[in-house]
Amino acid sequence: MTKYYSVVSELWRDRASCKEVGVDIFFAETEHRTKEQANKNKAAKLMCSKCKAQSECLSYALNNKIEYGIWGGFTSRERRNICAIFKLKSYTIPLTKTIINKTIASIKEQNQQIKI
Ligand code: SF4
C-alpha cells in the first residue's frame, strides 16, 4: 500500500510545472509579508494556476497535512481554511478540482466587483 501510494505521488510530480524550477518561490509565505515575499507568492500561484498537476498537488498537500509552502496554488493558511470548511479525512482529486474552480470563480467575481 505504501509503495503504491509513493508511485502515484511520483506520477503527478512528473507533470508538475515546478519540476525544473527552484522551490524558493513556493516557500516565501509568512504571516507578515514583505513586498518581495508577496511577489514570490504571486509568481508561485501563477505557475500553479497553469500546472497540469494542480489538483493532485493540492490533494497531496491536504491529505498529508503539509503545513508550509504553496501547494496546488494555495498557501498554508488557505489550506487550513479549506480543512476547516470541509473537515474531511481524505481529499480526492475531483473534490480538489471543485475547490480550485470555485476559488477561481470567487476571485473573478471579486475582481469584477472592484472594477464597478
Ligand atoms: S500546483 Fe504548483 S506547487 Fe503543485 S506541482 Fe504544480 S506548480 Fe508545483
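This is a short talk through the fold, the core and the ligand surroundings of a predicted model.

Okay, hi everyone. Keep in mind as we go that what you have in front of you is a predicted model.

Let's start with the overall layout. How many helices and strands does the protein chain have? It comes to 5 helices and 0 strands. So reading from the N terminus, you just go α-α-α-α-α. The chain has 116 residues, and 22% of them count as buried. As for contacts, take the ones between residues at least 6 apart in sequence: 57% of those join residues at least 24 apart.

Now, the inside. The largest nonpolar core has 17 residues, and the members that touch the most others are C57, L58, A61, I70 and W71. Two helices, α2 (35-49) and α3 (54-63), each put in at least two residues. Which one gives the most? That's α3, with 5 residues.

Let me stay on C57 for a second. If you skip its neighbours within four places in sequence, C57 is in contact with W12, A16, C51, W71 and G72. W71 was also on that list of core members touching the most others, so look for that pair on the screen.

On to the ligand. There are 13 residues around it, and the closest are A16, C18, C48, C51 and C57. Which elements give two or more residues to this shell? Those are α2 and α3, the helices we just met in the core. And what is the shell made of, by class? It's 9 nonpolar and 4 polar residues, with no charged ones.

And C57 turns up again here, among the closest to the ligand. Okay, that's me done, thanks!

How values were computed. Residues numbered from 1 in each chain as written. Predicted model: local features only at pLDDT ≥ 70, side-chain atom pairs only at ≥ 80, totals over all residues. Core = buried A, V, L, I, M, F, W, Y, C linked by C-beta atoms within 7 Å. Buried ≥ 20, exposed ≤ 12 C-beta atoms within 10 Å, placed from the backbone. Helix = DSSP H or I, 4+ residues; strand = E, 2+ residues; numbered from the N terminus. Contact = placed C-beta atoms within 7 Å. Near = placed C-beta within 6 Å. Nonpolar A, V, L, I, M, F, W, Y, C, P; charged D, E, K, R; others polar.
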